[in-house]
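Dear colleague,

I am handing over the structure we spoke about, and below it you will find what came out of looking through it. Please keep it open beside you while you read.

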Amino acid sequence: MALTRTELWHRAQKVIPGGVNSPVRAMRGVGLDEPFFVKRGDGATLETADGRTLLDWVQSWGPLIFGHADPETVEAVREAALDGTSFGAPTEREVELAQELVDAVPSVELVRLVSSGTEAAMSAVRLARGFTHRDRVIKFAGCYHGHADGFLVSAGSGLATLGIPASPGVPSGVTNDTIVCEYNDVESVAAAVAEYGEGLAAIIVEPIAGNMGCVPPAPGFLEALRLLCDASGALLIFDEVISGFRVARGGAQERLGVTPDLTVLGKIVGGGLPLAAFGGRADVMRVLAPSGSVYQAGTLSGNPIATAAGLSVLRRLRDDDVYAELERRSARLADGLAPFGRVQRVGAMLTLFAGRDEPVERFTELDTDRYGELFRGLLERDIYIAPSQYECLFPSLAHGDDEIDATIAAVSALFEDGNG
Ligand SMILES: *Cc1c(COP(=O)(O)O)cnc(C)c1O
């Protein structure tokens with residue numbers, strides 16, 4: 001007999017730290033003692049180990065633009081696996097996937113494949129440092145670029161200060177070179193560039209932030225970063241791990257018309273398998289080994305199964321109708337949720353800031369108790385939203401009008417009950 005959810009959870013905690021392989025999965029941020037375990041997925045829904053069917057707005061945190069167990073992706077994976085699961089030698093599909101990324105993303109002339117967004121962001125920064133022969137990097141409070149040491153920083157006090165480690169185990173020697181600025185605050189960046197510009201290798205930013213809730217860039221913000229980089233000789237890096245192939249085929253840079261020097265991609269590009277990428281200007285990318293001297297490598301990079309899944313998805317995203325449809329569905333969801341708080345949306349990434357009126361323009365302490373109540377109320381109604389107020393909902397092509405309207409109705413019912 002299969003284990004119950006509680007039995008699974010007890011066993012998990014005995015063999016895995018905190019019972020999970022990534023902290024947010026424990027669902028503590030929304031007040032749960034015990035997460036659900038997934039048995040399988042199908043389109044917009046998940047089936048849990050205890051036999052429930054949930055409408056899923058998380059979609060593995062963004063990768064699944066065609067929903068769970070998308071038949072074309074599954075078939076591509078199955079066919080690829082029959083020919084071998086890893087070679088550590090060049091394959092045709094890697095070249096095809098690289099071509100797909102170069103064709104789609106405006107800034108990308110050359111691209112390298114890796115296995116996670118963390119790895120891609122970490123490698124892009126190393127490359128920027130190697131190319132510029134400088135060490136310092138500006139990042140923004142509330143933007144997430146994976147868990148490499150140099151990104152795990154909190155802002156020090158003051159406008160333009162050096163970062164301090166945000167986690168034990170991160171040496172201050174590493175975060176000393178990371179400067180934390182406020183999102184959408186050009187003045188804080190200008191001050192940091194004035195102070196550290198000569199040693200500045202890069203400014204890295206989520207061009208549409210998705211990790212402090214969905215926070216769009218203010219008009220002129222990305223353009224100002226572009227100018228500050230050009231003036232100081234630093235590289236502009238867009239982390240499009242969420243926005244890439246989601247807000248447009250060419251990501252935020254296509255949609256908003258600002259071109260970075262380097263771009264970090266992940267999530268959708270792997271079609272739900274472990275694959276990510278970083279790419280950009282050819283003169284910069286050529287500095288990578290073996291054509292250049294900046295070292296970067298990976299046993300499973302360009303893995304044949306992951307590239308098969310990625311290609312299956314990205315080829316279908318050449319169709320503009322896909323984005324028109326994602327836009328329509330996401331707008332329907334956003335409009336329906338608007339009475340219950342502040343909704344911020346760009347394309348198919350959106351956040352309901354429950355019970356809030358004011359816009360969220362930069363990293364802000366949010367009402368997580370209120371969101372936790374909403375999360376638990378929806379889960380009781382078999383609807384699974386992100387288990388954190390600081391995340392997005394990810395509409396996919398598997399979410400039809402019925403799923404959207406059912407979600408709006410459930411939120412509405414909860415607010416009428418006073419639970420929202
Ligand atoms: C998810 C995410 C990452 C990290 O990707 P992983 O594959 O989880 O390592 C980096 N940047 C952004 C913007 C992300 O949302």
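The ligand in this predicted model is surrounded by Ser 116, Gly 117, Thr 118, Tyr 144, His 145, Gly 146, Glu 206, Asn 211, Asp 239, Val 241, Ile 242 and Lys 267. If you sort this shell by class, you will find 3 nonpolar, 6 polar and 3 charged residues. Three of these neighbours are worth looking at one by one, starting with Lys 267, which has a polar side-chain atom 2.7 Å from an oxygen atom of the ligand. Asn 211 also places a polar side-chain atom beside an oxygen atom of the ligand, here at 3.2 Å, whereas Tyr 144 takes part through its backbone, with a polar atom 3.1 Å from a nitrogen atom of the ligand. As for how much of the ligand is covered, it would expose 380 Å² if taken alone, and the protein buries 82% of that.

The next place to look is Ser 107, which you will find in the loop that runs between helix 3 (92-104) and strand 4 (110-114). Is Ser 107 buried or exposed? Its relative accessibility is 4%, and because buried means under 20%, Ser 107 counts as buried. Leaving out residues up to four places away in sequence, Ser 107 touches Gln 253, Thr 259, Pro 260, Thr 263, Gly 280 and Arg 281. With one of these, Gln 253, the contact is also a polar one, joining the two side chains at 2.8 Å. Thr 73, by contrast, stands 34 residues from Ser 107 along the chain, and the C-alpha atoms of the two are separated by 27 Å.

Please turn next to the open sheet of 4 strands, in which the order is 1-2-3-16 and the pairing is mixed. Strand 1 (38-42) and strand 16 (383-384) are at its edges, and each has a single partner strand, so one side of each is left without a neighbour in the sheet. Strand 16 runs parallel to strand 3 (residues 53-56), and 2 bridges join them; in this pair, Leu 55 stands opposite Ile 383.

These two residues appear again when you look at helix 13 (residues 401-416), where Thr 407 has its place. Apart from its neighbours within four places in sequence, Thr 407 is in contact with Leu 55, Trp 57, Leu 333 and Ile 383. With a relative accessibility of 2%, Thr 407 counts as buried.

With best wishes

Terms used. Residues numbered from 1 in each chain as written. Predicted model: local features only at pLDDT ≥ 70, side-chain atom pairs only at ≥ 80, totals over all residues. Heavy atoms only, no water. Pairing = 2+ DSSP bridges. Buried < 20%, exposed > 50% of the residue type's maximum accessible area, 1.4 Å probe, protein only. Contact = heavy atoms within 4.5 Å. Polar contact = N/O pair within 3.5 Å; in protein donor to acceptor, adjacent residues only side chain to side chain. Near = heavy atom within 4 Å. Areas by Shrake-Rupley, 256 points an atom, 1.4 Å probe, with all protein chains shown as cover. Nonpolar A, V, L, I, M, F, W, Y, C, P; charged D, E, K, R; others polar.
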